[in-house]
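Subject: Structure handover

Hello,

I am passing this structure on to you. Please look through it first; my notes on what was found follow below.

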Amino acid sequence: MNEQTLTRIWGMRLTFALIVCLVLFFHLLPLETTPQRWVGPDLILAFAFAWSVRRPEYVPAPALAGLFLLADLLLFRPPGLWAMLALLASENLKSRARGLRDGTFANEWLTACILMVFVALAYRVLLMVTLVDLPPYGLSVFELIATMLSYPLVVAVTHGLLGVRKAAPGELDT
Amino acid sequence: MAKDKSNANDFTGPLRRLLLSVLIFCLIGFFLVWRIDSPRVERFRAHVTDTFVPNLNWAMAPVTGTINLLKDFESYQRLAQQNRELRSELRQMQAWKEAALQLEQENARLLDLNNVRLDPRLTYITGVVLADSGSPFRQSVLINVGARDGLVDGWATMDGIGLVGRISGVADNTARVILLTDASSRIPAIVQPSGQRMIVAGDNSAAPVIDFLENSDQVRPGHRVISSGDGGVFPAGLLIGQVAADPSGKLRVILAADYQRLEFLRVLRHHGTTPVTDTAEIIGPQLPSPEVLQ
């Protein structure tokens, strides 16, 4: 691995951290202090999935775990649980990345959606088991659907704007 | 070129899996510690927020300002209509102002007659709202005063008019205010004309539910709800809002504080109500004790 690819990898890792911080920043802006009826998508999860499929080496597991945990802490969720599930799902995507690389986008989207449902369901079940107050059901479903629908958009930004593309065959071997 | 990929995978696979299981283990352990020993982890959370959010303030303030400006710009379209509404409101307000002035004079006279000293310990600190909870599932805001300014968990927070919430989680420079609308907020209150005691319970909607009401027949929409100070954590006599009935007939509280724009919040210093420690005794002539009689 030569110098240039190494700087590029670290640069992209930093970019990912910056994206997460930016999303958190906009979440935290005190714009709406009244309770809302609708929710935006969970962009952090969508970005983590999109990057995990494309370039697993840009989003190493420790970085993902740290960023998810930071999001948990700042967004006032039970710390650790969502981070753990999202990390598991991302790692699962990474292990399938080679297969998804050659498949169509529809295939990738479907896989991502199934994992998102898994994360949301497991989160609710584990909260129920540990007797933590559950978030409102309607809002959770709304967030899940919004995240699923936003996934193509996130992929477009990842692919087009940030230039994170699936590795071409043979590119990894050097 | 044609290296065997599975071979490389075999080499790093176990190491990666080990790292992953360690990470998963740490995260789930963190969650369990939070579940078992919540205050310690919440303190840690407050600390993380404290180091993270104030550093973003230089960017947050202008962005929030710009977005609010754009929001206001939309409302310029309804300017003429708003102007008319404001004029009629102003006329009503002038009548109220007269009434208020007269009442103020009367109040001052009565206070003077009774030689009343208002509680000098009831002071407040004003803080600026730095950030909201960041997720629609929780209703809280972060303010820029904290342990450095002597804040303590449980103190009441108001905007100019009504109760907004309760301090929960104090870090050095910041403190979190759980709003009355949050699903975990419970405030003991009293309904004004009938004196019924009850709990104002947040449920993640704009108007919290009235809970544990003794006799709902005596409570009508429009009655004033103020905090009762039961439990001794919260000061008594703060305005919360007005009773209202939702379409299903459930009683709710329309909050007096303006939740649309929470910008400056007042934190009331509260040093606890004096607890009654001795049991009830009859006030009357001193009787000789039973031992003396025998």
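**Strands of chain B**

E4(B) and E5(B) make a hairpin, with four residues between them. Please keep in mind that this is a predicted model. The two strands of the hairpin, E4(B) and E5(B), run antiparallel and are joined by four bridges. One pair to look up there is B:Gly165 with its bridge partner in E5(B), B:Leu179.

On E5(B), the burial is easy to state: five of its five residues are buried, and the strand is mostly covered. B:Ala175, B:Val177 and B:Leu179 point one way from E5(B), while B:Arg176 and B:Ile178 point the other way. The residues on both of these faces are buried, B:Arg176 included.

E5(B) also pairs with E2(B), in the antiparallel sense and over four bridges. In that pairing, B:Ser140 stands opposite B:Ile178, and B:Val141 has B:Val177 as its bridge partner.

E2(B) can be described in a similar manner. From this strand, B:Ser140 and B:Leu142 point one way, and B:Val141 and B:Ile143 point the other way; all are buried. E2(B) has a pairing with E1(B) too, antiparallel and over three bridges. There, B:Val129 stands opposite B:Ile143 of E2(B).

**Helix H2 of chain B**

H2(B) has 38 residues. A straight helix would reach 56 Å at 1.5 Å a residue, but the end C-alpha atoms of H2(B) are only 44 Å apart. Where does H2(B) bend? The bend is at B:Asn57 and comes to about 55°.

The buried residues of this helix are B:Arg45, B:Ala46, B:Thr49, B:Asp50 and B:Val53. As general background, an α-helix has 3.6 residues a turn, so residues three or four places apart point the same way.

What covers the buried residues of H2(B)? The cover includes parts of both chains: helix H1 (3–28) and helix H3 (61–74) from chain A, and E1, E2, strand E4 (163–170) and strand E5 (175–179) from chain B. The strands described above therefore come back here as part of the cover over H2(B), where residues count as in contact if their C-beta atoms, placed from the backbone, lie within 7 Å.

**Contact between the chains**

How many residues does each chain give to the contact? Chain B gives 45 residues and chain A gives 38 residues. On the side of chain B that touches chain A, at least two residues come from each of helix H1 (5–36), helix H2 (38–75), strand E1 (124–132) and strand E2 (140–143) of chain B. H2(B) supplies the largest share of that side, 11 residues. Sorted by class, the side of chain B that touches chain A has 28 nonpolar, 12 polar and five charged residues.

**Domains of chain B**

Chain B is divided into domain 1 (18–69) and domain 2 (124–268). The C-alpha centres of these two domains of chain B lie 24 Å apart. Their contact takes nine residues from domain 1 of chain B and 11 residues from domain 2 of chain B. On the domain 1 side, the residues that touch domain 2 of chain B are four nonpolar, three polar and two charged.

Regards

Definitions and conventions. Residues are numbered from 1 along each chain as its sequence is written. Chains are lettered from A and ligands numbered from 1 in the order in which they are written. This is a predicted model: local features need pLDDT of at least 70, side-chain atom pairs count only at pLDDT 80 or more; totals for chains, interfaces and linings use all residues. Two residues are in contact if their C-beta atoms, placed from the backbone, lie within 7 Å. Ala, Val, Leu, Ile, Met, Phe, Trp, Tyr, Cys and Pro count as nonpolar, Asp, Glu, Lys and Arg as charged, and the others, Gly among them, as polar. The expected span of a helix is 1.5 Å times one less than its number of residues. The bend at a residue is the angle between axes fitted to the seven residues ending there and the seven starting there. A residue is buried if 20 or more other C-beta atoms lie within 10 Å of its own, exposed if 12 or fewer, and partly exposed in between; C-beta atoms are placed from the backbone. Two strands pair if DSSP finds at least two bridges between them. Domain bounds come from an automatic or database domain assignment.
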